[in-house]
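Visitor: I'd like a close look at one strand pairing here, and then a walk outward from it through the rest of the fold. Could you keep it to the kind of detail I can follow on screen?

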Amino acid sequence: MKEQKSLDILRHSAAHIMAAAVTELFPGTKVAIGPFIEDGFYYDFDRVESFTLDDLTKIEEKMGEIIKEDHPFIHSSVPKDRAVKDFREKGEKYKAEIASQIDGDEVSVYKSGNFTDLCKGPHISSTGKLKYFKLLSVAGAYWRGDSSREQLQRIYGTAFFTKEDVDGYLAKIEEAQKRDHRKLGKDLDLFSVNEAVGGGLVLWHPKGALLRDTIESYFKKFHIDNGYDILFTPHIASEELFRISGHLQTYSENMYAPMEIEGKPYRVKPMNCPMHLMIYKTKLHSYRELPVRYAELGTVYRFEKSGVLHGLLRVRGFTQDDGHVIVTPEQLEEEMLKVFSMAINCLKDFGFSEYKIYLATRPEKKYVGEIEDWEKAQNSIENALKKTRYDYEVDEGGGAFYGPKIDIKIKDALGRLWQCSTIQFDFNLPERFDIFYIDSSGKKARPYMIHRALLGSLERFIGVLLEHYAGALPVWLSPVQVALININTEQHEFCIKLLKELKKNDVRVIFDGRNEKIGHKIRENVMQKIPYVAVVGNKEKAAGAVSVRARGNRDLGVMAIDNFISLIKEKSAYGVNDL
C-alpha cells in the first residue's frame with residue numbers, strides 16, 4: 001500500500017512534467033486536469049491541432065530536459081480570487097473554472113520551473129526524481145466527461161521507479177494489443193459491428209454464434225442443476241412497467257426513446273428484473289416454496305454514448321446471464337452463500353481461478369430502506385463471505401441505492417482485473433411491485449430479493465475470454481474443434497465419411513479439402529487457433545486413422561478414429577481447459 005502511494009505520487013508528478021513540456025512546446029495550448037490512474041497518468045489539453053505520435057516523441061524529449069534541470073516542486077496556498085484572476089489572464093479557462101468552484105478562500109498550487117498548476121498534491125521533491133517513464137497514446141475526452149462541453153485531447157503515459165518495471169509494462173501492453181478481442185474477432189471470423197446496423201450492436205458470425213450457443217447451453221444446464229427455473233421474457237414492454245420499477249424516473253437517460261403502439265408508449269427493456277417479478281406475481285407463494293429462483297439469458301438495450309463504445313466490452317445491446325432469487329429474510333445468508341459458490345464454480349469452469357472480492361455497503365446519502373434493515377442484510381452477506389475460504393475487501397458506501405452487494409473481479413492471463421459476477425441485495429423492487437409470500441402464520445410477508453449475474457453480459461464475457469486465452473479457446477468452447485485435412489484427392493472420399501462420423505459424435509469439425517499444398521493448409525488452420533488438426537494421407541486412410549497435431553505444435557501421432565473421438569469428448573467436458 002505504501003509503495004502504491006509512492007507510485008501514485010510519482011505518476012501525478014509525471015503528469016505535471018508532461019503538461020509543462022506540452023505548454024512549452026506548443027504555446028497557446030490550454031491545460032485541464034492531469035491525475036494519476038491505475039497504471040500511469042494522463043493530462044487533458046485543449047489544442048486546435050491534433051497531437052501526433054511524432055509529437056509524443058518531442059514531448060518525451062522535452063520532459064527529459066525538464067527532468068535534467070531538476071526543478072523543485074514548490075507548494076503554496078494563494079487566495080482563491082487571485083488564482084482565478086491569474087488563470088483567466090493566462091487564458092487557462094479550465095483551471096480558472098476549477099479554482100472558482102473550490103470551497104474556501106484559498107487554493108493550493110504547485111510551481112516547477114516556469115509551470116504553475118492548480119493542484120492539492122503531493123508531488124516528488126523535484127522533477128529530477130522522475131527517471132523512468134513512457135508516453136503511450138492520445139485519445140479524445142470531453143471536459144468533465146460532459147459531451148455538451150469542449151472536446152479535449154488526452155495524452156496517456158506511465159511511470160515507474162525502475163527501467164525493468166517500465167519495460168515489463170510496455171511488454172504487457174504489446175501482449176494485450178495482440179490479444180485485443182476486436183482483432184481476434186475479425187481474424188477468427190467471430191463477430192462484427194457495422195455502422196449500417198448501428199454502433200454497439202453486435203453481428204455474430206457463424207463461428208461466433210456457435211461460441212455463444214455453447215456458453216448458453218452451459219448456462220442453462222448449470223442453472224437447472226442448481227435449482228433455477230429458466231425464463232424467457234419479451235424485448236419490449238409497456239412504459240408503465242418501467243414506471244413501476246422506477247427505471248423510467250432514475251434511468252431514463254440510459255433507455256431508448258419510447259415507441260407508440262396502439263396509443264400506448266412502449267420501451268425496449270433495459271433490465272429483465274421487472275418482468276421476472278411480474279411472473280412471480282401470477283400466483284400466490286407459500287413460505288414453503290421459497291427460495292424461488294429464476295434465470296434468463298435476457299437481451300437488454302441501453303443507450304451508451306458513441307465515444308465509450310468498445311468492441312464487445314461496451315455495447316448497446318447485450319445478453320445478460322440474469323438471475324433473481326426471492327427469499328425469506330431467514331434464508332438470505334444461506335442463499336447468498338449458495339449464489340457466491342455458484343459464481344466461483346462457474347468462473348472456474350471457464351478457466352478463471354484468481355479473484356478480487358468486494359463487499360459493497362450502504363451509500364452515505366442516497367439509499368432506500370431503513371438502516372436497521374441495511375445492517376441486517378450487510379451482516380447476512382458478510383457472514384456468508386466469512387464462511388468461504390476467500391479474502392474480501394469492504395467497499396464502504398459502494399452499494400447500490402437499493403441494497404448492498406458482492407462484486408467478484410476475475411484476474412486474466414495478463415493479471416488484469418475484470419468485473420464479471422455481481423450479487424446484489426434489493427430492498428426496493430419487492431416494495432415497488434408489492435410482492436409477498438404467505439408466512440407460517442398464514443399472513444402476508446415481504447420477501448427479500450437477490451439480483452445476480454455470474455458472467456455479466458455474454459458479449460463482454462466473450463471479449464474477456466478471447467483476451468484471456470488470446471483466442472486459443474479450450475476445446476469445449478472452441479467453435480471449431482477439429483480441422484480435417486487431406487493430403488491429396490485420393491483421401492477425399494474417406495475424409496467425407498470421417499467428417500460425417502465426427503459430426504455424428506457431436507464434434508465441431510470442418511474439412512479443408514482444397515487442392516493446396518498440405519503445409520499451406522495446416523498453417524492456415526493453425527492460425528485459426530483450432531485445437532486439433534487431423535491429417536489424412538494414404539497410410540492413415542488404409543489404417544482407418546488420422547495423424548493428429550494439437551494446438552501449440554504438439555504432435556500426438558497417428559490415432560485410431562475411435563480413440564480420437566474419445567479424446568475430443570474427454571476434452572469437451574465443461575470446465576476442461578487443457579488440450
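Visitor: Which residue in β14 is the bridge partner of S238?

Guide: Bear in mind as we go that this is a predicted model. The bridge partner of S238 in β14 is Y266. That pair belongs to the pairing of strand β12 (residues 236-238) with strand β14 (residues 264-268), which is antiparallel and has three bridges. Look next at A237, and you'll find R267 of β14 opposite A237.

β14 has another partner, too. Strand β13 (residues 259-261) is joined to β14 by three bridges, again antiparallel. Here E260 has P265 of β14 as its bridge partner. β13 and β14 make a hairpin with two residues between them, and in that turn E262 has a positive phi of about 50 degrees.

Put these pairings together and you get an open sheet of three strands, ordered β12-β14-β13, with antiparallel pairing. β12 and β13 are the edge strands, each pairing on one side only. On average, neighbouring strands in this sheet are turned by 40 degrees against each other, direction ignored. As a reminder of what holds such things together, strands of a sheet pair through backbone hydrogen bonds, either parallel or antiparallel.

Now swing over to another sheet. This open one has eight strands in the order β11-β15-β16-β23-β20-β19-β17-β18, and its pairing is mixed. The edges are β11 (229-230) and β18 (393-395); each has a single partner strand, so one side of each is left without a neighbour in the sheet. Helix α10 (residues 273-280) packs on this sheet, touching β15 (292-301), β16 (317-327) and β23 (448-457), with its direction at about 145 degrees to that of β15. Helix α12 (residues 371-386) lies across β17 (355-360), β18, β19, β20 and β23, and runs at about 160 degrees to β17.

Follow the chain out of α10 and you come to P291, in the loop between α10 and β15. The peptide bond from L290 to P291 is cis, with omega near 5 degrees.

Within the sheet, zoom in on strand β19 (residues 405-411) and strand β20 (residues 417-426), an antiparallel pair joined by seven bridges. K405 is a handy place to start, as it stands opposite Q424 in β20.

Hold on to Q424, because it takes us to the second largest pocket: Q424 is among the residues nearest the pocket's centre, along with Y251, M271, R302 and Q320, out of 43 that line it. Elements giving two or more residues to this lining are α9 (247-250), β16, β19, β20, α13 (428-432) and β23. The largest share comes from β23, with six residues. The volume of this pocket is about 1200 Å³. As for what the lining is made of, there are 15 nonpolar, 17 polar and eleven charged residues.

What about enclosed space? Searching the whole structure turns up one cavity of 30 Å³ or more. The largest cavity holds about 110 Å³ of space. Its lining includes L188, L190, K207 and G471, as well as Q528, K529, I530 and P531. By class, the residues of that lining are seven nonpolar, three polar and two charged.

For a helix pair, find helix α7 (residues 206-225) and helix α11 (residues 332-349), whose axes come within 12 Å and cross at roughly 145 degrees. The crossing of α7 past α11 is right-handed. On the α7 side the contact uses Y218, F222 and H223, while α11 brings M342, N345, C346 and D349. Sorted by class, that contact has four nonpolar, two polar and one charged residues.

Two backbone oddities to finish. The peptide bond from G121 to P122 is cis, with omega near 0 degrees, and P122 sits in the loop between β6 (115-118) and β7 (132-142). D70 has a phi near 55 degrees, a positive value in a residue other than glycine. You'll find D70 in the loop between α2 (53-69) and β4 (74-79).

Note on methods
Residues numbered from 1 in each chain as written. Predicted model: local features only at pLDDT ≥ 70, side-chain atom pairs only at ≥ 80, totals over all residues. Heavy atoms only, no water. Pairing = 2+ DSSP bridges. Helix = DSSP H or I, 4+ residues; strand = E, 2+ residues; numbered from the N terminus. Contact = heavy atoms within 4.5 Å. Axes fitted to C-alpha atoms, helices over the stretch in contact; angles between N-to-C directions. Left-handed = near helix turned anticlockwise from the far one by under 90°. Nonpolar A, V, L, I, M, F, W, Y, C, P; charged D, E, K, R; others polar. 1 Å grid on protein atoms, 1.4 Å probe; cavity = no way out; pocket = protein on both sides within 12 Å on 5 of 7 lines; lining within 4 Å. Points joined across faces, edges and corners; volume = space filled by probe spheres on them.
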